Amino acid sequence: MNSMQYSKTQEFMAEMIGTMFILLFGNGVNAMFTLFNLGGYTNITFGWGLGVFLGILVSNRITGAHLNPAVTLALVVTKRFPLHKAPLFICAQMLGGFLGAATVYFFYLAKFQQFDPNLEHTAGIFSTFPAITTSFMPGFMAEIIATAILMFAILAIVENFVNDKAGFLAPFAVSALIVGIGMSFGAMHGYAMNPARDFSPRLFTALIGFKNNGLTDGSFIWAAPVFGSLIGAPLGAILFDLTLAKRK
């Protein structure tokens with residue numbers, strides 16, 4: 001992170017807008033695929049990766065680009081980030097996720113009205129759903145493992161690139177990481193790995209009237225990506241510290 005001091009407002013805006021960029025391109029590519037049948041799963045993984053890349057570029061100079069409450073929590077747990085700043089970052093991230101989803105919805109509103117006028121089949125554009133619908137645990141475990149991989153690799157990238165004077169490569173590496181996780185581990189529960197990427201858009205869909213949204217439809221689908229990521233990220237950070245972290 002840059003040693004220059006920024007105001008709390010600047011930090012809030014950086015995390016909010018950076019997270020919003022993730023959702024703009026992630027939900028946007030999902031909408032292109034679902035509403036227009038353009039592209040495929042490879043497009044989706046690259047769309048999310050590019051969203052993360054641009055989100056990092058937007059916010060990294062000011063906040064170090066957390067863009068994820070689970071990442072912020074992991075950094076607090078491993079004493080890399082002060083606890084007193086976490087609420088500001090997390091609120092900004094959650095709001096950014098909501099605004100990103102809202103922007104995509106209103107951009108494609110006319111097509112939603114044509115394609116799914118009762119909003120019964122398209123909540124998956126905005127949030128994740130399990131491949132195994134008969135049990136909560138497979139999707140929950142998938143989110144824990146995927147987020148642990150994400151956090152472990154982020155810390156490895158930081159140590160290898162940022163601390164070795166090659167920080168300009170870090171956004172590319174993290175974006176490639178997102179694409180790789182999506183391609184290799186994405187199908188079990190949509191590789192949310194981020195409450196701001198999943199719960200905030202899901203809340204938006206519930207408020208706007210989407211059916212089968214995984215939040216207000218009587219299911220607990222929302223819990224797997226939220227709690228799975230909040231468990232997985234600290235787990236990944238702790239495993240990194242126990243294995244590969246540079247010793248002071």
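**Exercise 1.** Which residues form one aromatic cluster in this predicted model?

*Solution.* A pair of aromatic rings is described by the distance of the centres and the angle of the planes. A search of the whole structure on this basis finds 19 aromatic pairs. The next step is to pick out the cluster, which is formed by Phe-98, Tyr-105, Phe-106, Phe-112, Phe-126, Phe-204 and Phe-210.

**Exercise 2.** Examine helix 8 and decide whether its end-to-end distance agrees with its number of residues, and then describe how it is covered.

*Solution.* Begin with the length: helix 8 runs over residues 195-208 and has 14 residues, and at 1.5 Å a residue it should span 20 Å. The end C-alpha atoms of helix 8 are 19 Å apart, and therefore the expected span and the modelled one agree. Turn next to the cover, where a residue counts as buried if its relative accessible area is under 20%. By this rule 10 of the 14 residues of helix 8 are buried, and the helix is mostly covered. Among the buried residues are Pro-195, Asp-198, Arg-202 and Phe-204, and Phe-204 is also a member of the aromatic cluster. Arg-202 has a further contact, for its charged end sits over the ring of Phe-129, at 5.1 Å from the centre of that ring.

**Exercise 3.** Locate the nonpolar patch on the surface, and find which helix gives the most residues to it.

*Solution.* The patch is formed by Leu-73, Val-77, Leu-235, Ile-238, Leu-239 and Leu-242, which together have about 490 Å² of accessible area. The elements that give two or more residues to this patch are helix 3 (69-77) and helix 9 (223-243). Helix 9 gives the most, with four residues. Take Leu-235 as one example from helix 9: its relative accessibility is 39%, so Leu-235 counts as partly exposed, a class that lies between the cut-offs of 20% and 50%.

**Exercise 4.** For Leu-119 and Met-193, state the sign of phi, the place in the chain, and whether each residue is buried or exposed.

*Solution.* Most residues other than glycine have a negative phi. Leu-119, however, has a positive phi, near 55 degrees, and Met-193, which is not a glycine either, has a positive phi of about 60 degrees. As to place, Leu-119 lies in the loop between helix 5 (109-115) and helix 6 (137-162), whereas Met-193 lies in the loop between helix 7 (170-185) and helix 8. For the last step, Leu-119 has a relative accessible area of 9% and is therefore buried, and Met-193, at 3% relative accessibility, counts as buried too.

Note on methods: Residues numbered from 1 in each chain as written. Predicted model: local features only at pLDDT ≥ 70, side-chain atom pairs only at ≥ 80, totals over all residues. Heavy atoms only, no water. Patch = residues over 30% accessible without salt bridge, like charges linked within 9 Å, V, L, I, M, F, W, Y side chains within 5 Å. Areas by Shrake-Rupley, 256 points an atom, 1.4 Å probe, with all protein chains shown as cover. Salt bridge = Lys/Arg side-chain N within 4 Å of Asp/Glu carboxyl O. Buried < 20%, exposed > 50% of the residue type's maximum accessible area, 1.4 Å probe, protein only. Phe/Tyr/Trp six-rings, centres within 6.5 Å; stacked < 30°, edge-to-face > 60°. Lys NZ or Arg CZ within 6 Å of the ring centre and 35° of its normal. Expected span 1.5 Å × (residues − 1).
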